[in-house]
Amino acid sequence: MSELPPCPKCESVYVYEDRGIYHCPECGHEWSAADTDGGSGGKTVRDANGTELKDGDTVTVIKDLKVKGSSSVVKVGTKVKNIRLVEGDHDIDCKIPGIGAMGLKSEFVKKVSD
């Protein structure tokens, strides 16, 4: 029996495989075997629904987000156009109308079909 990789999100060792998809029972993260092989060489960024994001996509914010160091709030439903994917904790760089340039986490956005 082959050893399964740890969860890339929480590093849990209690990972199991079901039909080619790895599942982490601790944090609920799911990923495919192709993601762990590093086939594309880069990290795949996915939105809150699991849809893959790419540079230039348009997304919608799914939760009110407080802007650090300001009294501003990015409201639910705010549409953000022309995102740029970056490495790090906040994996989306963008300009939000009325607020300006900032970084977002992909778990708080949903891709908008054009």
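## The β8-β9-β10 sheet

Strands β8 and β9 pair in the antiparallel sense, with two bridges between them. This pairing belongs to a predicted model, in which three strands form an open sheet ordered β8-β9-β10 with antiparallel pairing. The edges of that sheet are β8 (84-85) and β10 (100-104), each of which pairs on one side only. Across the β8 and β9 pairing, R84 stands opposite D93 of β9. The hairpin of these two strands has six residues between them, and G88 there adopts a positive phi near 125°.

On the other side, strand β9 (residues 92-96) is joined to β10 by five bridges, again in the antiparallel sense. Within this pairing, K95 stands opposite A101 in β10, and I96 has G100 in β10 as its bridge partner. β9 and β10 also form a hairpin, with three residues between them. In its turn, G98 has a positive phi of about 85°.

## The two faces of β9

Which residues of β9 point to the buried face, and which to the other? I92, C94 and I96 point to one face and are buried, whereas D93 and K95 point to the other face and are not buried. In a regular strand, side chains alternate between the two faces of the sheet.

The bridge positions can be read against this pattern. D93, which is not buried, is the residue that R84 stands opposite. K95, also not buried, stands opposite A101 of β10. The buried I96 is the bridge partner of G100.

## Surroundings of S12

S12 lies in the segment before β1 (16-18). Its relative accessibility is 4%, and S12 therefore counts as buried. Leaving aside neighbours within four places in sequence, the residues in contact with S12 are P6, C7, C24 and E26.

One of these contacts has a polar component: the side chains of S12 and E26 make a polar contact at 3.4 Å. The two residues are 14 residues apart in sequence, and their C-alpha atoms are 7.1 Å apart in space.

## The aromatic pair

A pair of aromatic rings is described by the distance of the centres and the angle of the planes. The model has one aromatic pair by the rule applied. That pair is formed by Y22 and W31, with 5.6 Å from centre to centre and 40° between the planes, and is classed as tilted. Both Y22 and W31 are buried.

## The buried acid D47

D47 is located in the loop between α1 (33-37) and β4 (59-61). What is the nearest side chain of opposite charge to D47, and how far away is it? That side chain is R46, at 7.3 Å, and D47 is buried yet has no salt bridge. A salt bridge would require a side-chain nitrogen of Lys or Arg within 4 Å of a carboxyl oxygen.

The side chain of D47 is instead placed against backbone nitrogens. A polar atom of this side chain lies 2.9 Å from the backbone nitrogen of G50, and the side chain also reaches the backbone nitrogen of K111 at 2.8 Å. Apart from neighbours within four places in sequence, D47 is in contact with L53, S106, V109, K110 and K111.

Definitions and conventions:
Residues numbered from 1 in each chain as written. Predicted model: local features only at pLDDT ≥ 70, side-chain atom pairs only at ≥ 80, totals over all residues. Heavy atoms only, no water. Helix = DSSP H or I, 4+ residues; strand = E, 2+ residues; numbered from the N terminus. Buried < 20%, exposed > 50% of the residue type's maximum accessible area, 1.4 Å probe, protein only. Contact = heavy atoms within 4.5 Å. Polar contact = N/O pair within 3.5 Å; in protein donor to acceptor, adjacent residues only side chain to side chain. Phe/Tyr/Trp six-rings, centres within 6.5 Å; stacked < 30°, edge-to-face > 60°. Lys, Arg positive; Asp, Glu negative; His and termini not counted. Pairing = 2+ DSSP bridges.
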